[in-house]
Amino acid sequence: MRIGIDGRAIRSEPDGISRYSQQLIRSVVAAFPQAELTVWCLPSGREVLLSQPQIRPVICDRHHLSRFTTHGFAKIVNAAKVDLFHSPFFLAPWKVECPVLVTVHDLMALEMPDFFDDSHPLVAWYKRLFHRRYVPHSLEVADRVLAVSRWVAQRVEAQGISRDKIRVLPNSVDSRFIAASSGSDHEHLRSLGLSPGFFLHVGRWKRYKNLPFLLEAYQKYLARTAREPLHLVLCRGGGTDRRVDRVLNQLNLREHVRVLEHIPDTLLPAVYRAATALLQPSICEGFGLPVAEAMACGTPVVVSDGGALPEVCGGAGLVRNAQDMEGWAEVLERLATEPDLRADLRVKGIAQSVLFRVEQMTRAIAGIYGELVQR
């Protein structure tokens with residue numbers, strides 16, 4: 001069998017879709033060890049692409065979020081004569097001669113009016129127009145739409161996509177994210193200037209991440225605690241929400257909040273394990289990979305009730321309303337002062353994270369690809 005995957009989102013400094021793409025490729029290799037896998041990638045992605053004899057990397061130096069993906073890319077895919085093509089994001093070539101799968105991580109670009117408000121107004125207008133034009137039709141032409149959560153599957157169905165062709169395929173957590181220390185945690189933390197015991201947020205600075213709210217809730221925690229307060233560490237993976245720096249200055253939080261820009265991916269497990277808790281107050285998330293990674297590392301998590309976050313936690317984390325500032329301040333105080341609560345969340349989180357191991361994705365991929373090829 002010949003399988004094609006669009007790997008142009010793979011980066012040396014990975015974001016969520018880049019990580020998903022790499023995990024998907026690992027799962028496909030494991031599920032179909034005899035298959036030939038063609039992966040189209042950028043030159044920079046080629047350097048970090050999984051190296052396996054059955055993987056054939058092909059350089060395609062065009063951005064994946066472009067009209068080229070829906071139109072010109074189809075000729076390239078057809079010329080490769082693959083039996084199956086998978087796009088790990090919400091765009092796919094429209095006139096491909098083999099079965100096509102599309103993974104949807106969320107549809108916030110279609111459903112949230114202010115999703116692009118961090119961009120220049122003209123750029124924001126173009127991005128909205130692009131997504132409204134090309135995303136719905138990509139979902140229509142795909143033979144299978146893979147949603148990363150049940151919540152996303154419901155949003156895809158709300159776009160008019162038949163439930164029969166939607167499958168739920170959660171993100172997977174890399175095997176590096178485990179509760180046991182690698183033995184290098186102290187060295188990794190020292191290289192970042194960190195010591196164990198802090199609140200943590202990992203992710204891009206985008207509006208839906210709700211970071212100004214988190215900073216205000218954290219300030220209320222500082223005001224109410226009678227003990228030495230825990231610091232807040234923001235691991236920033238890009239993003240342009242300028243409100244975060246503004247609120248940091250307005251609330252005079254620089255003394256207590258540490259911002260880490262683009263930390264190496266290899267250091268993330270140590271950071272998770274050293275954190276008292278991961279905080280994810282997003283207004284909406286299609287999955288929330290840092291939550292699954294933190295649970296796998298034995299780190300308690302607090303999430304909002306936005307999107308799929310309660311689904312991913314599955315009762316293993318604390319859930320608070322995305323606008324309940326007093327509730328968030330109170331839960332930060334509890335996590336800082338109640339070791340029994342932290343221990344209980346640690347056990348539950350590790351158990352819940354098993355659902356997101358690579359082996360689970362591999363089994364699901366084998367079934368989903370298999371049904372399309374047989375058809």
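Reader: At what angle do helix 1 and helix 16 pack, and how far apart are their axes?

Author: This is a predicted model, where local features need pLDDT of at least 70, side-chain atom pairs count only at pLDDT 80 or more, and totals for chains, interfaces and linings use all residues. Residues are numbered from 1 along each chain as its sequence is written, and side-chain values use heavy atoms, leaving out hydrogens and water. Helices (H or I, at least four residues) and strands (E, at least two) are DSSP runs numbered from the N terminus, and axes are lines fitted to C-alpha atoms, for helices over the stretch in contact, with angles from 0 to 180 degrees between N-to-C directions. Helix 1 (residues 16–31) and helix 16 (residues 358–374) pack with axes 8 Å apart, at an angle of about 65°.

Reader: Which residues of helix 16 does helix 1 meet?

Author: Contact means heavy atoms within 4.5 Å. From helix 1, the residues taking part include Tyr20, Leu24 and Val28. Their partners in helix 16 are Val358, Met361, Thr362, Ile365, Ala366 and Tyr369.

Reader: In what order do the seven strands stand in the open sheet?

Author: Two strands pair if DSSP finds at least two bridges between them. The pairing here is parallel, and the order is 3-2-1-4-5-6-7.

Reader: Why is one side of strand 3 and of strand 7 left without a neighbour in the sheet?

Author: Strand 3 (55–59) and strand 7 (166–168) have one side free because each stands at an edge, with a single partner strand.  For strand 3, five bridges join it in parallel to strand 2 (residues 36–41). There, Pro57 in strand 3 stands opposite Val39. The reason, then, is their place at the edges, each with a single partner strand.
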